[in-house]
Amino acid sequence: MTLRTSARVAGFTFWIYFAAGMAGLLLAGNAPATAVLSLVTSFSALVLGVTLWAITREQDPDLAMMALACRVIEAVPGHGEIYFAVGSTIFSWLLLRGRLIPVALAWLGVIASALLVILLPLQIAGFFGGPRAWSSPFTWAVWLPLLVFELTLAVWLITKGVATPINIPSPAA
């Protein structure tokens, strides 16, 4: 696939991922519906991992592969949120480093994802309402910037794609 195609697929997948995730929260009492929506979000995580890897691999193949692995692990039921946050932080950093998307948007992704990397282990430890405490205003305050980042990034990827990557010289060069 070309970078443009990968960007568009990623953009549309972000929207599908978001819609399935929100529907899952709204239909939390309906086990069959949440099971199907869970499959949709898991598959979306895999598609996002592959397409974002394709977009960012020229910036740093090792970091891009680590972020891909995080998105794959995120797709497995359990505490996938932390892997989502780590993968998002790395992919956002690579998008910033290569100037593949607007710098301000990339920085929003880096900062919002990194805050989530800090929040999630604290929630698992019982702080801020405990794991998956969506009723906590603090949880929403940390997730909201990432939500804005991902939805804006989705629109950007669909409409503009990504810029030609800036080649960063490796330390060995």
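## Nonpolar surface and core

In this predicted model, Trp93, Val103, Trp107, Ile111, Leu115, Ile118, Leu122, Phe127, Phe128 and Phe138 together make a nonpolar surface patch of about 920 Å². Helix H5, which spans residues 103–124, provides the largest share of that patch, with six residues. One residue of the patch is Ile111, which lies in helix H5 and has a relative accessibility of 47%; because this value falls between the limits of 20% and 50%, Ile111 counts as partly exposed.

The interior can be described in similar terms. The largest nonpolar core has 35 residues, and of these Ile101, Leu116, Leu153 and Leu157 touch the most other members. At least two residues of this core are supplied by each of the helices H1 (3–26), H2 (31–56), H3 (61–74), H4 (80–97), H5 and H6 (137–159). In soluble globular proteins, nonpolar side chains tend to be buried together.

Leu157, one of the core residues with the most contacts to other members, is in contact with Ala7, Arg8, Ala10, Gly11, Phe14, Ile101 and Val162 when its neighbours within four places in sequence are left aside.

Ser6 belongs to helix H1 and counts as buried, because its relative accessibility is 1%, a value under the 20% limit. Apart from neighbours within four places in sequence, Ser6 is in contact with Met1, Thr51, Ala54 and Ile55.

The two residues with stated accessibilities are set out below.

| Residue | Relative accessibility | Class |
|---|---|---|
| Ile111 | 47% | partly exposed |
| Ser6 | 1% | buried |

Key. Residues numbered from 1 in each chain as written. Predicted model: local features only at pLDDT ≥ 70, side-chain atom pairs only at ≥ 80, totals over all residues. Heavy atoms only, no water. Patch = residues over 30% accessible without salt bridge, like charges linked within 9 Å, V, L, I, M, F, W, Y side chains within 5 Å. Areas by Shrake-Rupley, 256 points an atom, 1.4 Å probe, with all protein chains shown as cover. Salt bridge = Lys/Arg side-chain N within 4 Å of Asp/Glu carboxyl O. Helix = DSSP H or I, 4+ residues; strand = E, 2+ residues; numbered from the N terminus. Buried < 20%, exposed > 50% of the residue type's maximum accessible area, 1.4 Å probe, protein only. Core = buried A, V, L, I, M, F, W, Y, C linked by side-chain atoms within 4.5 Å. Contact = heavy atoms within 4.5 Å.
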